[in-house]
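Let's take the labels people put on a model and check each one against its definition. What earns each label?

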Amino acid sequence: MTQSTEVGPEDRKIITLARSARARNGVPEGAAVRDETGRTYVAGTVALESLNLSALQTAVAMAVASGAKSLEAAAVVTEADAASDADRAAVRDLGGPDTPVLVAGPDGALRATVSAG
């Protein structure tokens, strides 16, 4: 897992979208993913009695349900210090092990970029 805190404009966009989803919905995490065509999918944590998904798992599921074949990048805005193994696995399943996962704090500041693998 490589770590980086550099971010380009397209990655800044998905961090901003993830941060907005978290704030708008009042959920613990917000996430966004960008597919191979540049489309973005934004989601928050899902916490129902019968279904619990992290924000990143939900965003990946939305991408798959919309026909995405791969991912270019993923971002999660969270209080946690790192993306969970389950989150990285969901990104890896669709995007492959080299897909970058950007982890940002609630203020939008990038903490780390790690590979999904």
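Q: Why does Arg88 count as buried?
A: Buried means under 20% relative accessible area, exposed means over 50%, and partly exposed is in between (1.4 Å probe, protein chains only). Arg88 comes in at 10%, so it's buried under that cut-off. As for where it sits, Arg88 is found in helix 3.

Q: How far should I trust these values, and what goes into them?
A: This is a predicted model, so local features need pLDDT of at least 70 and side-chain atom pairs count only at pLDDT 80 or more, while totals for chains, interfaces and linings use all residues. Residues are numbered from 1 along each chain as its sequence is written, and side-chain values use heavy atoms, with hydrogens and water left out.

Q: What makes Arg88 and Asp85 a salt bridge?
A: The term needs a side-chain nitrogen of Lys or Arg within 4 Å of a carboxyl oxygen of Asp or Glu. Here the N to O distance is 3.2 Å, so the pair qualifies. Both residues lie in helix 3, 3 residues apart, about one turn of the helix. (Helices are DSSP runs of H or I, at least four residues, and strands are runs of E, at least two, numbered from the N terminus.)

Q: Is Asp85 buried or exposed?
A: Exposed: Asp85 has 61% relative accessibility, which is why it gets that label.

Q: What makes the Arg88 and Asp85 side chains a polar contact as well?
A: That label takes a pair of N or O atoms within 3.5 Å; within protein, one must be able to donate a hydrogen and the other to accept it, and residues adjacent in sequence count only if both atoms are side-chain atoms. The distance is 3.2 Å, so this label fits too.

Q: Which other polar contact is there, at Thr78?
A: The Thr78 side chain pairs with that of Glu29 at 3.0 Å. Thr78 is in the loop between strand 5 and helix 3, and with a relative accessible area of 4% it's buried. Leaving out residues up to four places away in sequence, Thr78 touches several others, including Pro28, Val103 and Arg111. Touching, or contact, means heavy atoms within 4.5 Å.

Q: How many salt bridges does a search of the whole structure find?
A: There are 5. One of them joins Asp11 and Arg34, at 3.0 Å from N to O. That pair links distant parts of the chain, with Asp11 in helix 1 (residues 9-25) and Arg34 in strand 1, 23 residues apart. Asp11 and Arg34 are both buried. They're also part of a salt-bridge network with Glu72.

Q: Why does Arg39 count as partly exposed?
A: Arg39 has 38% relative accessibility, so it gets the in-between label. Arg39 makes a salt bridge with Asp35 at 2.9 Å, N to O, and Asp35 is buried, at 0%.

Q: What makes strand 1 and strand 5 a pair?
A: Two strands pair if DSSP finds at least two bridges between them. Strand 1 (residues 30-35) and strand 5 have 6, so they pair, and they run antiparallel. One example is Asp35, whose bridge partner in strand 5 is Leu71.

Q: Which way does strand 5 pair with strand 6?
A: Parallel, over 4 bridges. Val76 stands opposite Val103 in strand 6. Strand 5 itself (residues 71-77) is mostly covered, with 6 of its 7 residues buried.

Q: What makes this an open, mixed sheet, and why do some strands count as edges?
A: The 5 strands go in the order 2-1-5-6-7, with mixed pairing. Strand 2 (40-44) and strand 7 (110-115) each have a single partner strand, so one side of each lacks a neighbour in the sheet. From one strand to the next, the twist averages 15°. At one end of that order, strand 2 joins strand 1 through 5 antiparallel bridges, with Arg34 opposite Thr40.

Q: What makes a β-α-β unit right-handed, and which elements form one here?
A: Point the strands away from you: if the path from the first strand over the helix to the second runs clockwise, the crossover is right-handed. Strand 5, helix 3 (residues 85-95) and strand 6 (residues 100-104) form such a unit. Helix 3 lies across strand 5, strand 6 and strand 7, at about 165° to strand 5. For that angle, axes are lines fitted to C-alpha atoms, for helices over the stretch in contact, and angles run from 0 to 180 degrees between N-to-C directions.
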